[in-house]
Amino acid sequence: MLLGLSLLYVGAVLILNGLWLSGRIEDREIILINLVVAAISFFVAIHTAVFTDTITDVRAAAMTLLFAITYLWVAYNRLQDCDGRGLGWFSLFVSVTVVPVALLGFAQADSVMSVWLAFSWAAWAALWFVYFLLLTLQKPIQKLAAYFTLFCGVFTAWLPGMLLLFEVAN
């Protein structure tokens, strides 16, 4: 139930961040959506962690907090006019951290949606790595980062979130 909620808003922030990276949204305009989605992700993670007794749900909460911190950091960087290198290093940490989540997802997949979510974790690992390359190593890949962020926003978050919220997928 909370997965659909989280994915809907992660989709929104990724799509808008992709538009921002492509120059279609100003720096100061991207702050609000990043703060809102950071808060939503934080509350979903805390709710999941508090009302569980399984390691699977604790892991889900931990992984959700990685998203919350990322979006909070994006907003902070825009508010403080930071260059993003710290966020880039955090993105590398997250990229490496979520690879096992994708692998476990593939190993345990038992439905179309669970396979889709495993692919989503793999895509998010790649996306966070792209941000490491862009922000920390300062590779000239902003256009690639923008398009990949848009792609991930639609296909790994917004669309599966809508399918879950409208009970098209379980």
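## Pockets and ring pairs in a predicted helical model

The largest pocket is lined by 32 residues, and Leu 3, Thr 56, Ala 60, Leu 117 and Trp 121 lie nearest its centre. Five elements give two or more residues each to this lining: α1 (2-21), α2 (31-50), α3 (55-80), α4 (85-108) and α5 (112-136). Here helices (H or I, at least four residues) and strands (E, at least two) are DSSP runs, numbered from the N terminus.

This is a predicted model, in which local features need pLDDT of at least 70, side-chain atom pairs count only at pLDDT 80 or more, and totals for chains, interfaces and linings use all residues. Residues are numbered from 1 along each chain as its sequence is written, and side-chain values use heavy atoms, with hydrogens and water left out.

### The two pockets

Rolling a probe the size of a water molecule over the atoms shows where empty space is left. The search runs on a 1 Å grid over the protein atoms alone. A pocket is an open set of points with protein on both sides within 12 Å along at least five of seven lines; a cavity is a set where a 1.4 Å probe fits but cannot get out. Lining residues have an atom within 4 Å of a point. Grid points are joined across faces, edges and corners, and a volume is the space filled by probe spheres set on the points.

How much space lies in the largest pocket? About 970 Å³. Helix α3 supplies the largest share of its lining, seven residues.

The second largest pocket holds about 430 Å³ of space. It is lined by 24 residues, and Trp 20, Leu 21, Val 74, Tyr 131 and Leu 135 are the closest to its centre. At least two lining residues come from each of α1, α3, α4, α5 and α6 (142-165).

The table sorts both linings by class. Ala, Val, Leu, Ile, Met, Phe, Trp, Tyr, Cys and Pro count as nonpolar; Asp, Glu, Lys and Arg count as charged; the others, Gly among them, count as polar.

| Pocket | Nonpolar | Polar | Charged |
|---|---|---|---|
| Largest pocket | 18 residues | eleven residues | three residues |
| Second largest pocket | 14 residues | seven residues | three residues |

### Two buried polar residues

Thr 64 is found in helix α3. Is Thr 64 buried or exposed? Its relative accessible area is 18%, so Thr 64 is buried. Buried means under 20% relative accessible area, exposed over 50%, and partly exposed in between (1.4 Å probe, protein chains only).

Thr 64 touches Ser 41 and Ala 45, not counting residues up to four places away in sequence. Contact means heavy atoms within 4.5 Å. Thr 64 and Phe 42 are 22 residues apart in sequence, yet their C-alpha atoms are 7.3 Å apart. A polar atom of the Thr 64 side chain also lies 2.8 Å from the backbone oxygen of Ala 60.

Ser 114 lies in helix α5. Ser 114 is buried too, because its relative accessible area is 18%. Its side chain reaches the backbone nitrogen of Asp 110 at 2.9 Å. Leaving aside neighbours within four places in sequence, Ser 114 is in contact with Gly 105 and Ala 109.

### Aromatic pairs

A pair of aromatic rings is described by the distance of the centres and the angle of the planes. Rings of Phe, Tyr and Trp (its six-membered ring) pair if their centres lie within 6.5 Å; planes under 30 degrees apart count as stacked, over 60 as edge-to-face and the rest as tilted.

How many aromatic pairs does the structure hold? It holds 13. One of them joins Phe 42 and Phe 43, edge-to-face, at 5.5 Å centre to centre with 70° between the planes. Phe 42 is partly exposed at 40% relative accessibility, whereas Phe 43 is exposed at 57%.

Why is the pair of Phe 106 and Phe 119 edge-to-face? The planes of the two rings stand at 85°, with centres 4.8 Å apart, so the pair falls in that class. It links distant parts of the chain: Phe 106 is in α4 and Phe 119 is in α5, 13 residues apart. Phe 106 is partly exposed at 33%, and Phe 119 is exposed at 51%.

Phe 67, Tyr 71, Trp 121, Trp 124 and Trp 128 form one aromatic cluster. Trp 121 also lies among the residues nearest the centre of the largest pocket.

### Positive phi

Gln 138 lies in the loop between α5 and α6. Its phi is near 55°, a positive value in a residue other than glycine. Gln 138 is exposed, with a relative accessible area of 53%.

Glu 167 lies in the segment after α6. Its phi is also positive, about 55°, although Glu 167 is not a glycine. At 73% relative accessibility, Glu 167 counts as exposed.

Terms used: Polar contact = N/O pair within 3.5 Å; in protein donor to acceptor, adjacent residues only side chain to side chain.
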